[in-house]
Amino acid sequence: LAKEKFEIAKPAIAHAIAAAFEKHIAPKLDDAIFGHGAGKKGIYALKDEWEKVHGELEDIAEQDADDFFESAVDKLLHKEVLENNRRPDGRKLDEIRPLEALAGGISEMIHGTGLFYRGETHIFSAVTLGGPGDSQIIDTIEYPESKKSFMHHYNFAPFSVGETGRVGGMGGRTIGHGALAEKGLRAIIPPKETFPYTIRIVSETLSSNGSSSMGSVCASTLALMDAGVPIKRPAAGMAMGIMVASRGWGVGAGDSKYKILPDIQGPEDSHGDMDFKVAGTTEGVTAIQMDVKVTGVPVAVLNKALEQAKKARLEIIDVILKAIPAPRADISPRAPKIVTLKVKVDQIGLVIGPGGKMINGIKERTKVKDITIEDDGSVFITGKNGTAEAAAKEILALTREYVAGERLQGEVTRLMDFGAFVKIGPNTEGLVHVSEVAPFRIAKISDAVSIGEVVPVAIKEIDEKGRYNLSIKQAAPTWAEKKGLTASTETYARRESRDRGGYRPR
């Protein structure tokens with residue numbers, strides 16, 4: 001439930017604070033909040049002045065004075081918004097701040113960049129593309145031994161709000177904002193089957209004055225499109241606020257005067273009654289987060305807030321599409337190339353080899369960055385400068401299944417009395433029987449071929465044991481004649497011997 005404002009216990013102290021405030025600060029408060037769009041800058045400046053004033057008072061606790069100042073700002077903001085439709089920066093109630101968008105043109109080193117401005121909220125996002133092997137390993141109770149191929153990280157440096165400070169590890173706010181923007185973007189990321197890359201986005205808050213998380217959704221969309229990621233459609237985000245006359249208002253609490261404010265900034269966020277972040281596309285909502293200071297928000301009011309958020313979101317998407325109408329046709333030349341292929345499940349062991357010998361040999365020969373094989377036989381090869389294509393060629397040759405009748409080129413690897421063994425694939429060889437070299441009989445296989453020679457062969461048959469019987473004369477009937485081979489004397493002697501029932505060499 002919403003907490004009541006802090007009440008000062010001692011009447012005398014309360015009277016002293018109120019008197020000092022009315023004398024020195026109250027006449028300047030309206031101008032500090034609403035004068036020429038002063039907003040949070042004007043409030044901060046006036047608060048500095050108030051600290052000097054109450055510092056001269058006796059027995060005044062700093063917390064009491066601060067609470068009095070914030071309460072006065074809160075009351076005036078609510079009064080002016082609800083009664084006079086005034087916002088601190090002079091905008092209309094349904095107006096969003098000026099928008100600017102830029103896709104690319106920032107760094108040739110980065111695979112994709114996006115810069116998004118909404119008023120004083122400025123976000124820079126950078127996309128890096130990697131192979132499936134670069135995915136983040138998640139090992140939790142909920143997701144044991146799983147991999148995450150899309151990540152969005154959010155940074156919020158102190159200078160973005162005009163402060164100095166130590167930049168250290170991630171805080172809860174930083175992690176939460178990054179996760180919210182990631183959820184808003186996840187719905188537009190293409191499936192692994194069509195875009196197998198690991199995608200990491202880093203959003204840097206350069207300047208913040210209202211909803212940097214939703215600004216990160218917009219800047220990230222620009223960066224994704226600049227990187228050539230084929231997203232389903234652009235996403236954008238907007239923070240909606242509300243000012244309510246009674247903070248005890250909620251579901252079933254009856255009517256209360258309220259005003260919905262799109263694109264809230266500093267004072268409207270700090271002193272408003274709702275921070276309702278909505279990310280989505282032209283087709284629907286992808287992420288929502290709500291913080292409220294009231295006891296609840298009626299459904300009818302929530303519907304109106306969602307309608308106004310959609311209107312603002314579509315306006316931002318129009319600006320994004322003017323900056324970059326569609327994702328780049330090709331990914332950055334600095335990004336790795338991924339070649340995808342599929343092998344049979346029972347061929348996975350063949351590709352990996354004993355102790356990884358086969359796959360490591362392919363990596364070493366082709367200089368490819370990574371080869372990832374999944375349980376269903378999907379193979380993702382990541383490399384640059386043609387290395388991925390070279391590795392894919394080796395894997396395809398290794399797992400190729402030959403059929404009878406195919407004509408190939410093969411290297412002679414061994415000679416036997418009855419024929420020659422010819423290698424037709426990285427892991428496949430077959431036998432050319434001496435009778436399959438030429439359309440006529442030859443005496444010795446060594447008269448026709450030699451080890452290391454490349455010869456044309458046709459697959460005559462594959463027997464029940466998976467052995468390949470090859471034929472040179474079937475692949476190239478005139479090959480033997482062109483090579484100068486002729487029927488040997490021994491051939492005719494064997495024929496006469498067979499006819500006579502014996503063999504006598506001449």
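This is a short tour of a predicted model, with a suggestion at each stop for what to select in your viewer.

**The whole chain**

Start zoomed out, with the full protein chain shown as a cartoon. There are 14 helices and 19 strands to find in the protein chain. Its radius of gyration is 38 Å, well over the 23 Å that the globule rule gives for 506 residues, so the chain is more spread out than a compact globule. Turn the model to follow its principal axes, and the C-alpha trace spans about 140 × 40 × 40 Å.

**Stop one: helices H2 and H4**

Select residues 26-34 for helix H2 and residues 62-84 for helix H4. The two pack at an angle of about 65 degrees, with their axes 11 Å apart, and H2 passes H4 in a right-handed crossing. Now show side chains: H2 brings Leu-29, Asp-30, Ile-33 and Phe-34 to the contact, while H4 brings Ala-72, Val-73, Leu-76, Leu-77 and Glu-80. Colour this contact of H2 with H4 by class and you will see seven nonpolar residues, two charged ones and no polar ones.

**Stop two: a five-stranded sheet**

Next comes an open sheet of five strands, in the order S1-S2-S3-S7-S6 and with mixed pairing. Which strands stand at the edges? Select 99-103 and 150-156: these are S1 and S6, and each has a single partner strand, so one side of each is left without a neighbour in the sheet. Look along the sheet to see its twist, which averages 15 degrees from one strand to the next.

Stay at the S6 edge and add S7, residues 198-207. S6 and S7 run parallel and are joined by seven bridges. To look at one pairing, pick Asn-155, whose bridge partner in S7 is Glu-204.

**Stop three: helices across the sheet**

Keep the sheet on screen and select residues 172-186, which form helix H5. H5 lies across S6 and S7, running at about 140 degrees to S6. Then move over to S1 and to S2, residues 112-118. Here it is H8 that lies across the two strands, at about 35 degrees to S1.

**Stop four: H8 and its partner H6**

H8 covers residues 299-323, so to speak of its helix neighbour, add H6, residues 212-226. The axes of H6 and H8 come within 11 Å and cross at roughly 30 degrees. The pair is therefore roughly parallel, and the crossing is right-handed. Cys-218, Thr-221, Leu-222 and Met-225 of H6 meet Ile-316, Ile-320, Leu-321 and Ala-323 of H8. Seven of the residues in this contact of H6 with H8 are nonpolar, one is polar and none is charged.

**Stop five: a three-stranded sheet**

Now find the open sheet of three strands, ordered S12-S14-S13 with antiparallel pairing. Its edge strands are S12 (337-342) and S13 (370-373), each pairing on one side only. Select S14, residues 378-383, to see the four bridges between S13 and S14. Asp-370 makes a handy marker, standing opposite Thr-382 in S14.

**Last stop: H10 and H11**

Finish with residues 357-366 (H10) and residues 387-399 (H11). These helices pack at an angle of about 145 degrees, their axes 9 Å apart, in a right-handed crossing. From H10, show Met-358, Ile-362, Arg-365 and Thr-366; from H11, show Thr-387, Ala-390, Ala-391, Glu-394, Ile-395 and Leu-398. The contact of H10 with H11 holds six nonpolar, two polar and two charged residues.

Terms used:
Residues numbered from 1 in each chain as written. Predicted model: local features only at pLDDT ≥ 70, side-chain atom pairs only at ≥ 80, totals over all residues. Heavy atoms only, no water. Axes fitted to C-alpha atoms, helices over the stretch in contact; angles between N-to-C directions. Parallel < 35°, antiparallel > 145°, perpendicular 65-115°, else oblique. Left-handed = near helix turned anticlockwise from the far one by under 90°. Contact = heavy atoms within 4.5 Å. Nonpolar A, V, L, I, M, F, W, Y, C, P; charged D, E, K, R; others polar. Pairing = 2+ DSSP bridges. Rg over C-alpha atoms; globule rule 2.2 N^0.38 Å.
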